[in-house]
Amino acid sequence: MAYVAIKGGRAAIDGAAEAVEFMRAGSTGKEAPLQLDAIEQQLRLLVSRVISEGGLYHPRLASLAIKQFQGDTLEAAFALRAYRSTKPRLLETPPQDTSRMRCIRRISSAFKDIPGGQMLGPTYDYALRLMRLELADETPEHFRAISRRFLAATPEAQLPATFPKVLDALRAEGLLPPVAESREAAFDITREALTFPVPRSAALATLARAETGSLLGIAYSNMRGYGDIHPTVAELRVGYLPVMLPHPVTGETMEAGEVLITECEVVAMYEGNAADGPPTFTLGYGACLGHNETKAISMAILDRALQKGMKDGAANPSEDPEFVLLHVDGVDSMGFCSHYKMPHYVTFQSDMDRLRTTQKKSKERV
Amino acid sequence: MNKILEVRNLGKIYGPGCPQCIDSTGPEADTNLCPHCDSLVAMHGVSFDLFEGEILGIMGESGSGKSTVVNTLYSEQAPSAGEAIFYDPVSAAEGGKSGKQHELFALNAAQQRWLRNHRFGMVYQNPQRGLNFNITAGGNIAERLLMSDLMDYGAIRERAKSLLARTEVLLSRVDDLPKNFSGGMQQRVQIAKALATRPPLLFLDEVTTGLDLSVQARILDLILEIQQELKTSMIVVTHDLGVIRLLTGRAIVMKYGRVIEAGLTDQILEDPQHAYTQRLVASAL
Amino acid sequence: MTSHAYNFGFLDEYAKKEVRRAILKAIAIPGYQVPYASREMPMGRGFGTGGLQLTLALIGPDEIVKVIDQGSDDSVNAVNLRQFIEMTCPGVSTTTCTAECTLLQTRHRIPELPLTAEQIIVLQVPYPDPLVVVESSENKRKTMHGEADYSRLLVKLYEDIVKYDEITISHRYPTRINGHYVIDPSPIPRWDVAKLNNSAALLLFGAGREKKIYAVPPHTRAEPLVFSDVPFRVEDFRDEAGQRRVCARCGCANSFLDEFVGDAGNKTYQCSDSDWCDEQLQRAEQVQGVAA
């Protein structure tokens with residue numbers, strides 16, 4: 001008698017791999033493979049999302065992951081993380097100064113006029129979400145002409161430079177608390193498990209790698225009534241941040257490259273704390289790799305909410321550090337969700353035993 | 001008579017506190033909010049002794065700090081100042097020798113929890129604080145017994161039933177959820193739960209407030225009976241002079257966080273010294 | 001893009017060392033959940049990444065590894081993990097034979113064959129904390145564990161008996177280790193709980209998603225949480241007539257059985273532990289051969 005067939009594993013796995021590879025290639029057998037350059041440039045926001053959730057700045061590998069996992073952002077970010085697990089950490093990045101960011105976009109909704117001016121940059125914020133049907137069959141010639149035209153029309157001198165930070169102006173006026181100079185090393189979530197209560201740096205790092213949708217969902221709950229942060233976006237900026245690292249021999253800090261990041265600072269209604277001086281606005285901070293504005297704003301709101309929760313106790317889910325930080329990671333939540341597809345024969349057998357026994361007893365009692 | 005509890009200079013300030021807090025608050029200042037730093041001086045300089053088998057009353061209106069006293073003694077919150085020593089009376093069954101002394105505010109969280117589970121009992125005004133509404137009445141009592149390491153299901157069940165019988169809860173309701181009980185019945189279950197481990201010291205915080213008068217009277221009778229039976233020492237916190245008169249032998253009166261009068265209950269009620277107490281007694285007549 | 005060769009055991013050496021330090025701490029404090037920086041593995045969280053990190057941190061070139069899922073070497077997930085170990089740990093040999101292996105990674109079962117002092121068993125854990133059913137805050141649970149305060153868990157058992165005359169926890173049965181910490185022994189059936197007690201082999205538990213490692217060291221007490229007067233009951237494999245069901249394949253009458261429902265609604269039973277079943281079958285054939 002054969003062992004019951006549901007356990008026949010190896011052949012099934014191989015078959016599944018072939019089937020999914022077939023889906024990648026498409027059923028016509030005539031498709032051209034996606035080029036990584038095309039993904040990196042034309043699907044740049046998808047790449048941004050994967051980089052940010054994967055927690056690894058590698059646009060090329062992110063593009064590969066998107067190609068390999070057929071556009072599934074959760075899977076692609078997950079592959080980046082797993083890749084990272086194989087690499088030793090050779091160096092710790094010191095804190096970076098984001099005022100040195102070479103902006104491609106920066107706005108403030110707190111002030112009409114900010115030092116350096118508002119710069120809309122690449123955004124759909126004010127575009128009508130109408131289908132541009134002509135893109136359905138765009139010719140390569142027309143497509144290539146777009147960037148040539150844009151670059152030709154932009155004078156050299158107007159290329160984006162650095163901008164002063166909006167918050168500095170508020171701070172100079174005494175509307176914000178002075179920056180507390182922190183000498184504590186930032187908590188490294190890739191080397192230490194979260195043990196509550198956690199320092200703010202651990203919360204920020206967790207939020208920065210979080211899955212965009214989860215973050216937005218919880219932040220939204222705070223915005224629309226399950227919370228009372230009432231934020232104003234003091235500044236949202238997108239740009240290339242020069243990464244400064246100590247030279248391996250001399251120890252001198254030098255620019256090692258640049259990463260595209262999105263940074264958001266929200267200002268929330270003031271809180272009176274009579275003991276330590278006059279009331280001031282409070283701050284929420286968000287920053288993540290890549291161009292992810294919704295994520296950065298959500299993160300800033302949740303940072304503010306969590307600080308409030310840590311201080312006064314959580315009045316809403318979005319203010320509860322355990323609730324937020326343990327449920328926003330895409331790799332964790334997606335993995336656990338998928339695992340329910342695995343066999344649970346033994347535990348189910350055990351469940352049935354308990355149910356049958358209690359059913360029997362309840363019949364006996366009647 | 002042996003002393004069971006000694007409380008000295010107990011204080012609690014909510015807020016940053018400042019050097020002027022104490023002088024700027026209290027009955028004379030007619031406030032418990034410090035005008036200089038907005039801190040709340042919930043209690044200050046509270047001292048008293050409690051003896052074995054005695055019921056002490058703490059009387060005052062809301063905001064007087066009376067509940068803060070028992071909350072700190074039951075280690076639900078830490079005081080800002082003061083000390084309290086619990087002289088654990090060991091029963092004759094356990095050898096009868098004089099028990100251990102515990103400096104309540106020097107204990108760590110685990111030691112405080114041990115005392116709460118084994119040697120103290122607490123009955124709150126709001127039964128939701130003292131009972132878990134999602135488990136049965138019997139389960140609530142079982143929880144307290146399980147905390148004190150009784151591990152025999154049959155024995156736990158028996159003890160739960162006998163406690164509920166003693167507090168006059170119908171035995172047919174032992175496996176019902178307390179959220180379906182009347183207010184008076186909930187208080188009886190709470191008392192049964194507090195008594196489960198036969199604690200020598202029981203705190204009662206406004207236990208009859210909000211109940212019908214007839215229900216109040218029966219609960220107060222029950223408390224008196226239990227006290228006579230078990231010789232439990234009790235601290236009764238209330239704003240109700242009737243409760244003080246019926247239950248307590250000695251009482252202290254609090255206003256804006258300070259003790260303004262202390263002594264035998266009869267004396268206080270017959271011949272109040274402080275103007276505030278005089279008004280209180282006069283208004284109750 | 002260049003191809004990237006992987007380190008032996010996939011993880012970089014620093015990561016493995018970190019996991020080994022957490023293991024040592026877990027052994028030193030039996031039943032205590034040691035937090036560690038769980039790495040992302042190339043399979044889903046919930047597919048045994050915690051167990052796998054333990055396995056990869058412990059594995060040496062002479063290791064003989066066995067991987068089972070639901071008791072079987074041939075279930076999809078077990079195959080997947082075994083293939084991954086073979087791919088990333090060149091030179092390591094794998095086996096399906098319980099007696100032969102030095103390192104055994106498992107999901108939901110402990111083999112029927114008693115393990116020896118030369119073997120380490122790694123269990124994959126979805127929920128490391130038994131208190132999660134009564135307290136959702138990890139911060140509060142930590143204090144409860146520290147103070148060995150399991151009264152709320154025990155009240156759950158009390159309420160079960162009141163309501164059903166029976167404790168209804170089927171698997172993941174809370175088990176007290178060395179008289180203090182109560183662990184979630186992973187979703188093994190109650191049948192396997194006794195195997196934790198005074199085991200000759202080291203038992204390690206890895207929760208990847210929840211980032212915890214804990215251990216039941218060899219020859220350590222492991223007692224299911226029960227009342228002194230209510231016996232702990234394992235799964236009942238007797239039929240309506242009270243007769244112990246046997247494996248339809250090997251005839252074994254003292255193993256954990258999987259239940260199969262045929263097209264006609266008829267039920268058959270087979271050993272859940274596939275290696276055990278094969279061994280019993282072989283032995284029976286040998287006896288038959290001798291008899292013939």
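Here are four short exercises, with worked solutions, on a predicted model of a complex with chains A, B and C.

**Exercise 1. Confidence**

Find the mean pLDDT of chain C, and the ipTM and pTM of the complex.

*Solution.* Start with the single chain: chain C has a mean pLDDT of 92. Next, look at how its residues are spread: 98% of them reach 70 or more. Now step up to the whole complex, where the predictor reports an ipTM of 0.84 along with a pTM of 0.83.

**Exercise 2. Where chain A meets chain C**

Work out how many residues each chain brings to this contact, and which helix of chain A gives the largest share.

*Solution.* Count the two sides: chain A brings 46 residues and chain C brings 57 residues. Then go hunting for helices on the chain A side. H1 (10-25), H4 (59-68), H5 (73-85), H12 (330-339) and H13 (345-365) of chain A each give at least two residues. The largest share belongs to H13(A), with eleven residues. Finally, sort the chain A side by residue type: you get 18 nonpolar, 14 polar and 14 charged.

Now zoom in on one helix pair. H1(A) packs against H3 (residues 76-88) of chain C, with the axes 8 Å apart and at an angle of about 80°. Angles of 65 to 115 degrees count as roughly perpendicular, so that is what we call H1(A) relative to H3(C). From H1(A), the residues making the contact are A:Arg10, A:Ala12 and A:Ile13. Their partners on H3(C) are C:Val76, C:Val79 and C:Asn80. By type, this little group splits into four nonpolar, one polar and one charged.

**Exercise 3. Where chain C meets chain B**

Say which helix of chain C gives the largest share of the side that touches chain B.

*Solution.* First get the totals: 14 residues of chain C and 17 residues of chain B take part. Next, check the helices of chain C: H5 (residues 151-164) gives the largest share, eight residues. Last, sort the chain C side by type, and you find seven nonpolar, three polar and four charged.

**Exercise 4. Inside chain C**

Give the domains of chain C and describe how they touch.

*Solution.* Begin with the bounds: the domain assignment gives domain 1 as 13-222 and domain 2 as 237-292. Then take the spacing: the centres of domain 1 and domain 2 of chain C, over C-alpha atoms, are 27 Å apart. Now the contact itself: 14 residues of domain 1 meet seven residues of domain 2. To finish, the domain 1 side divides into five nonpolar, five polar and four charged residues.

How values were computed: Residues are numbered from 1 along each chain as its sequence is written. Chains are lettered from A and ligands numbered from 1 in the order in which they are written. This is a predicted model: local features need pLDDT of at least 70, side-chain atom pairs count only at pLDDT 80 or more; totals for chains, interfaces and linings use all residues. Helices (H or I, at least four residues) and strands (E, at least two) are DSSP runs, numbered from the N terminus. Ala, Val, Leu, Ile, Met, Phe, Trp, Tyr, Cys and Pro count as nonpolar, Asp, Glu, Lys and Arg as charged, and the others, Gly among them, as polar. Domain bounds come from an automatic or database domain assignment. Axes are lines fitted to C-alpha atoms, for helices over the stretch in contact, and angles run from 0 to 180 degrees between N-to-C directions. Angles under 35 degrees count as roughly parallel, over 145 as roughly antiparallel, 65 to 115 as roughly perpendicular and the rest as oblique. pLDDT is the predictor's confidence in each residue, from 0 to 100.
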